[in-house]
Amino acid sequence: MITEGVFLLRDSSQLYTGRVTVLEVIQKSAEFLARKDVESPRLQAELLLAHLLKLPRMKLYLNFDRTLSDAELDALRALVRRRGQREPLQHIIGSTSFCGLEMAVNRNVLIPRPETELLAEAGWEFLSTLNSQPPTALDFGTGSGCIAIALAVKCPGARIVALDASAPALVVAGENAARNGVGERLEFLHGNGLAALPDGARFDLIVSNPPYIPSAEIATLPTEVRDFDPREALDGGSDGLAFYHLLAAEAAPWLRPGGKIMLEFGDGQAAAIRVLFATAGWIVEAVRSDYTQRERILIARRD
Ligand SMILES: C[S@@+](CC[C@H](N)C(=O)[O-])C[C@H]1O[C@@H](n2cnc3c(N)ncnc32)[C@H](O)[C@@H]1O
């Protein structure tokens, strides 16, 4: 039974008043988020409520008639307000899923993207074919640690070095490694570029999702990205290619014979990156596309 109340006010402080059911609170939250130009507002409202009630989202559908307590409404109002201010859902919830693994995220790390799962998958498929004891990989620009951790989970014998220029990102990556039970097979390195690697280190695989947004385009990105992902995780220099120049020029000596480099890049960058690597002496083995058929991953070797 729903008592009369004012549910639909522009000011989120009175987003819902009176006794409200799960279904009604979802509808009102979705309307509020739609007015704030949040994408997929109904889904976002459901995910926030499911998080609050500690239920799988689908279970909400079995509880549509349940009435929320005042405390639950207050808590939900705060979450919906934050999302209305375009804070990413993953920051509000505190984590995201990557290759089926839970990764904590906050403002110090890029929120892992679904297309990066394809890069991680290409990486662990390659590592799994190797006889090296142990297979080794470098994750350059590890951020939340998502790629390095996925490699370690999927290749139980592998050892991974996870490097980042951001010390706060490495704290998150370390927590994620422990949370996923692979902390002992990951080594974290704080450093700018490849200079932090110890002399003599050699890897079967260098994998990276480096910053690739041209500096001038950052201002045009959605608020959730522009204002909440760390700038140093986005900014690829004036043409977006700064890190590909660096890796094409400097990565080869760090590879073992037969080793490969696998890199994610941005939409429309494939041709330039192919040329850049070929010119620097790499053999480009493949350029793979993402779920939307956009070219997204470079796979190259030296020998
Ligand atoms: C696009 S994010 C990728 C994060 C994570 N690997 C992922 O795929 O979600 C790029 C990462 O590179 C790091 N980075 C930026 N400049 C760097 C540099 N000069 N040396 C090492 N890491 C750098 C950033 O701190 C950021 O964590």
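In the predicted model described here, strand 3 (residues 136-140) and strand 6 pair in the parallel sense over 4 bridges. Two strands count as paired if DSSP finds at least two bridges between them; helices (H or I, at least four residues) and strands (E, at least two) are DSSP runs, numbered from the N terminus. Residues are numbered from 1 along each chain as its sequence is written. Because the model is predicted, local features need pLDDT of at least 70 and side-chain atom pairs count only at pLDDT 80 or more, while totals for chains, interfaces and linings use all residues, and side-chain values use heavy atoms, with hydrogens and water left out.

Between strands 3 and 6, Ala-137 stands opposite Leu-205 of strand 6. Strand 6 covers residues 203-208, and 6 of its 6 residues are buried, that is, under 20% relative accessible area, where exposed is over 50% and partly exposed lies in between (1.4 Å probe, protein chains only). Strand 6 also runs parallel to strand 7 (residues 255-264), to which 5 bridges join it; here Ser-208 stands opposite Leu-263.

These strands belong to an open sheet of 7 strands with mixed pairing, in the order 5-4-3-6-7-9-8. Strand 5 (186-190) and strand 8 (283-289) stand at the edges with a single partner strand each, so one side of each is left without a neighbour in the sheet. On average, neighbouring strands of this sheet are turned by 15° against each other, direction ignored. Axes are lines fitted to C-alpha atoms, for helices over the stretch in contact, and angles run from 0 to 180 degrees between N-to-C directions.

Strand 3 is further joined to strand 4 (residues 159-164) by 5 bridges, and the two run parallel. The bridge partner of Asp-139 in strand 4 is Ala-162. Helix 5 (residues 114-128) packs on the sheet and touches strand 3, strand 4, strand 6, strand 7, strand 8 and strand 9 (295-301), its direction making about 165° with that of strand 7. Contact means heavy atoms within 4.5 Å. Helix 6 (residues 146-154) also packs on the sheet, touching strand 3, strand 4, strand 5 and strand 6, and its direction makes about 175° with that of strand 4. Among the buried residues of helix 5 are Leu-118, Leu-119, Ala-122, Trp-124 and Phe-126.

The ligand is surrounded by 22 residues, the closest being Gly-141, Asp-164, Asn-192, Gly-193 and Asn-209; a residue is near a molecule if one of its heavy atoms lies within 4 Å of it. A backbone N or O atom of Thr-142 lies 3.3 Å from a nitrogen atom of the ligand, and a polar backbone atom of Ala-165 is 3.2 Å from a ligand nitrogen atom.

Asp-229 is found in the loop between helix 8 (223-226) and helix 9 (231-234). Asp-229 is buried, with a relative accessible area of 6%, and its side chain reaches the backbone nitrogen of Ile-111 at 3.2 Å. Arg-294 lies in the loop between strand 8 and strand 9 and is partly exposed, with a relative accessible area of 37%. The side chain of Arg-294 makes a polar contact with that of Asp-267 (3.1 Å). A polar contact is a pair of N or O atoms within 3.5 Å; within protein, one must be able to donate a hydrogen and the other to accept it, and residues adjacent in sequence count only if both atoms are side-chain atoms.
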